[in-house]
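The following report goes through a single protein chain, taking its sheets, its helix packing and its backbone details in turn. The sequence and the model should be kept in view while reading.

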Amino acid sequence: MNYYIDVVLPIPLERLFTYVVTPAEAQQLKKGMRVAVPFGKTRIYTALVMEIHNMPPQAYEAKSIHQILEKVPSVNETQLQHWEWIASYYMCTLGEVFRTAVPGALLLESETIVLLNSDFQKGKQQLKEEQEMVLLALKNRGALSVNDISELLEKKTVLPILNELVRLRAIMLKEELVEQYKPKMLRYVEIAKGFQEENALEQLLESMKRAPKQIQAILALFQLQSANKKPVLLKSLQQKSRVSPGVIRALLDKGILEEFSLRTDRVSYSETDNIRETVVLNDDQNSALETIKEGHEAGKVMLLHGVTSSGKTELYVKLIEDCFEKGKQVLYLLPEIALTAQLIQRLRAYFGKMISVYHSRYNMQERVEVWFNVMGRKSKAQLIIGARSSLFLPYTRLGLIIVDEEHETSFKQYDPAPRYHARDAAIVLAQMHGARVVLGSATPSIESYYNVQAGKYAYAGLTRRYGNVLMPEIELVDLKLSRRKKRLKGHFSDRLIELIHESLEVKQQVILFQNRRGFAPIVECTSCGHSPGCPNCDVSLTYHRHRNQLRCHYCGHHAELQPACLACGNHSLDTKGFGTQQVEEEAGVLFPEARIARMDFDTTRGKHAHEKIIQKFEDQEIDILIGTQMLTKGLDFRHVNLVGIMNADTLLNFPDFRAHEKSFQMLTQVAGRAGRTEKRGQVVIQTYNPYHLILQQVSSNDYLTMYSEQLYEREQYHYPPHNRIIRITFKHKEYNKLNEAAEWFTEALRLKYSSWILGPEYPPIPRIRNQYLKHVLVKIPRKVSPTKMKNSIKRTEQSFHAISQYKGVRVIYDVDHL
């Protein structure tokens, strides 16, 4: 009897693929195990076993697998069920979910190895210089990877050269699996067994009188062993004994010391992390905790609506403690990596070494270790703190999911697929595990609050700040008036300058918020009006002053700023608009004594860059911190007295139906960083329209009025939460072909759903990375089954791709588009 397995490959193909296995392999294999399989002519991929059966494929002859990669499944049944839901709901393939979910180091792929053909005779054939270089390198080294050859020739594309050498039969190509994950091993030393008894050791030391350095090393080893009662690191011995590596090597060679290696995690915490603090709740928090527990008993998702600095984290700590008592795991989701550093520090005081962190700034090796710690239910992986990707870890006893700052759009994945929303996917994951969910926010999303009103979610509120600290005083400054009366210095109003001086005098800190990085978004010639644009995207280049560079924030293209206009040659270039760099420069001139720092994408590229800036600000080594939206998300600074919002209008005037909701949330959140301890904080919002309804609602912290007005508007225009939305994006390098394709697809949809289709229309930036874009918006009424609608769209796509001229046009689905 033949055995077959159906596998999913980490590539965007709709179907599973079948491979033949031996009876012995079939006995060993289980659902969720990784196997290496050949795919296409030469490539080898990591695939995931979905089913073992006896039915051969009908359309093709099944190939044999390359090898089994593990003894136990690294993906469990619940994970696979969750992946299938994500693939179905967000209209992508299971392979795309597989590639996103699993750390890259577990997705082994073959690498092309180039070998010299020993039978090759050059004869009279004339080879090019580059081909000669490749053959000479292969003679010396035997085998090279494609990357090695690329570095050797200093060329990005070397395939044409290799293809020509293959045609001449000078080289052979071979595919080899490359293992990316290697466990971290630490080297330890101990006294050899023959010298561990007291008499033997005395004789040894007596015989070594002429080697004082070696005796010094042995005595240092005994001191370390008696102090720590643990194996001694080779590195620690070297530091303690202050001898050279050669001395320890000599002891190892003589057999006096023995060396051994132990595996360790790349991310580890200090011994002090075992200290456990207890949390004390006030009356408001105790009341909210009881409400949350009642809601969980009723099997509902809980929305915790607490004003900024109301003590939501302390409530989470109590819920986590209750979960740990039941022996369950906890997932704590955060929208921004910047938040993790401060939160880990706080939670470690309560839970010691039970915490693991998982996000994209960790390297592949570190993520693999967290993956296996969660899978093995290790004590160090009971509380997982992470960004949206931590949703995919192999939980076995998940008891609680906390989604902090649940309103944040950062929870939505945009590119590549799956374009999932971590908050919604977390709720489904919790249902599969029978776990409980808490969504926390000072400014809940309209969808979540609507679910409370509809009875789908339960609600708990915290209306006062912890310690009865007053909410910050919010002041709206009219920039029109300031400009007319010439009270503006750069982009600072006289009122903001006055309050910053007052805060600095009393040794308090200031946060300045401008949601645009760089120095200026536009450089313009005042003579002819020309503005340098990106050659790959339909967008102007942003000026970065510290590098004297014009940069595209979409494709990364950059060029040096020329002193004269490229269109007319005049030396009359000026900047329009402003970003964080310009605010930093102006603040340096206005407040020369202040210590100023900037926190945006440009200053936080490193792995621990967020952490370093936040720590410096907490330690009061920075007086004024200037930043983008990274500053708005749940950070807790004890000495911030003033928050200045440089220009609120850029948020309000964005072409998006959620612009007003997002503006309210962002402005309220950034205002919430002020006055979080005893003294009441102050917030200055600079705007050209101080009478705007949203700004008035922010200044009075009136969430309910904002919610009611936005809900009414969305009902009128059929937007969420009254309707569901699917955005279909068409992408192609040819302008005319894209127009034709988008029109054909939209007309096919309109035949069935004429009133629900908007578009096709170009987005505000119609070309990115030399690909033109066009959007179609599908509004699905609540009474209509979204599954039927999605199936109908998919059938339209199949007909669309059957037309040969549209085959190159990419169709991208974004379900519940934000």
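Where is the place of R769? R769 is placed in the loop between β35 (767–768) and β36 (771–781). The phi angle of R769 is near 55°, a positive value in a residue other than glycine. With a relative accessible area of 52%, R769 is exposed, because the cut-off for that class is over 50%.

**Confidence of the model**

The model is predicted, and its confidence should be kept in mind throughout. The protein averages a pLDDT of 87, and 96% of the residues score at least 70. Among the elements of the protein, helix α15 (residues 422–433) has the highest mean pLDDT, 96, whereas strand β9 (residues 171–177) has the lowest, 73. Where pLDDT is low, the predicted coordinates should not be read in detail.

**Two open sheets**

One open sheet consists of 7 strands in the order β15-β16-β14-β17-β18-β13-β19, and its pairing is parallel. Its edge strands, each of which pairs on one side only, are β15 (355–358) and β19 (457–462), and the twist averages 20° from one strand to the next. Within this order, strand β13 (residues 301–306) and strand β18 (residues 436–441) pair in the parallel sense over 4 bridges, with H305 standing opposite S441 in β18. Helix α14 (residues 364–375) packs on the sheet, where it touches β14 (329–333), β15 and β16 (383–386), and its direction makes about 135° with that of β15.

A further open sheet is formed by 6 strands in the order β20-β32-β31-β23-β30-β29, again with parallel pairing. The edge strands here are β20 (473–478) and β29 (596–599), each pairing on one side only, and the twist averages 20° from one strand to the next. Strand β31 (residues 640–645) runs parallel to strand β32 (residues 682–687), to which 4 bridges join it, and V643 stands opposite V683 in β32. Helix α18 (residues 494–505) packs on this sheet and touches β20, β23 (509–513), β30 (624–627), β31 and β32, its direction making about 160° with that of β31. Helix α22 (residues 659–671) lies across β20, β23, β31 and β32, and runs at about 150° to β31.

**An antiparallel pair**

Strand β24 (residues 522–525) is joined by 4 bridges to strand β28 (residues 573–576), and the two run antiparallel. V523 stands opposite T575 in β28. V523 also belongs, with C525, to the covered face of β24, while I522 and E524 make up the uncovered one.

The strand pairs described above can be set side by side.

| Strand pair | Sense | Bridges |
|---|---|---|
| β13 (residues 301–306) and β18 (residues 436–441) | parallel | 4 bridges |
| β31 (residues 640–645) and β32 (residues 682–687) | parallel | 4 bridges |
| β24 (residues 522–525) and β28 (residues 573–576) | antiparallel | 4 bridges |

**A helix crossing**

How are two packed helices described? They are described by the angle between their axes and the distance between the axes. The axes of helix α8 (residues 212–228) and helix α9 (residues 234–241) come within 9 Å and cross at roughly 115°, and the crossing of α8 and α9 is right-handed. The contact is made by Q216, A217, A220, L221, Q223 and L224 of α8 together with S236, L237, K240 and S241 of α9. By class, the residues of this contact between α8 and α9 comprise 5 nonpolar, 4 polar and 1 charged.

**Backbone details and an exposed helix residue**

Which peptide bond involving P418 is cis? The bond that joins A417 and P418 is cis, with omega about 5°, and P418 lies in the loop between β17 (398–404) and α15. The peptide bond from G759 to P760 is likewise cis, with omega near 5°, but P760 is placed in strand β34 (residues 757–761).

N701, in the loop between α23 (693–699) and α24 (703–717), has a phi near 55°, a positive value in a residue other than glycine. N701 is partly exposed, with a relative accessible area of 33%.

N140 lies in helix α4 (residues 129–141) and counts as exposed because its relative accessibility is 64%, where the class requires over 50%. The C-alpha atoms of N140 and S527 are separated by 61 Å, the two residues being 387 residues apart along the chain.

Key
Residues are numbered from 1 along each chain as its sequence is written. This is a predicted model: local features need pLDDT of at least 70, side-chain atom pairs count only at pLDDT 80 or more; totals for chains, interfaces and linings use all residues. Side-chain values use heavy atoms; hydrogens and water are left out. Buried means under 20% relative accessible area, exposed over 50%, partly exposed in between (1.4 Å probe, protein chains only). pLDDT is the predictor's confidence in each residue, from 0 to 100. Axes are lines fitted to C-alpha atoms, for helices over the stretch in contact, and angles run from 0 to 180 degrees between N-to-C directions. A crossing is left-handed if the near helix is turned anticlockwise from the far one by less than a right angle, and right-handed if clockwise. Contact means heavy atoms within 4.5 Å. Ala, Val, Leu, Ile, Met, Phe, Trp, Tyr, Cys and Pro count as nonpolar, Asp, Glu, Lys and Arg as charged, and the others, Gly among them, as polar. Two strands pair if DSSP finds at least two bridges between them.
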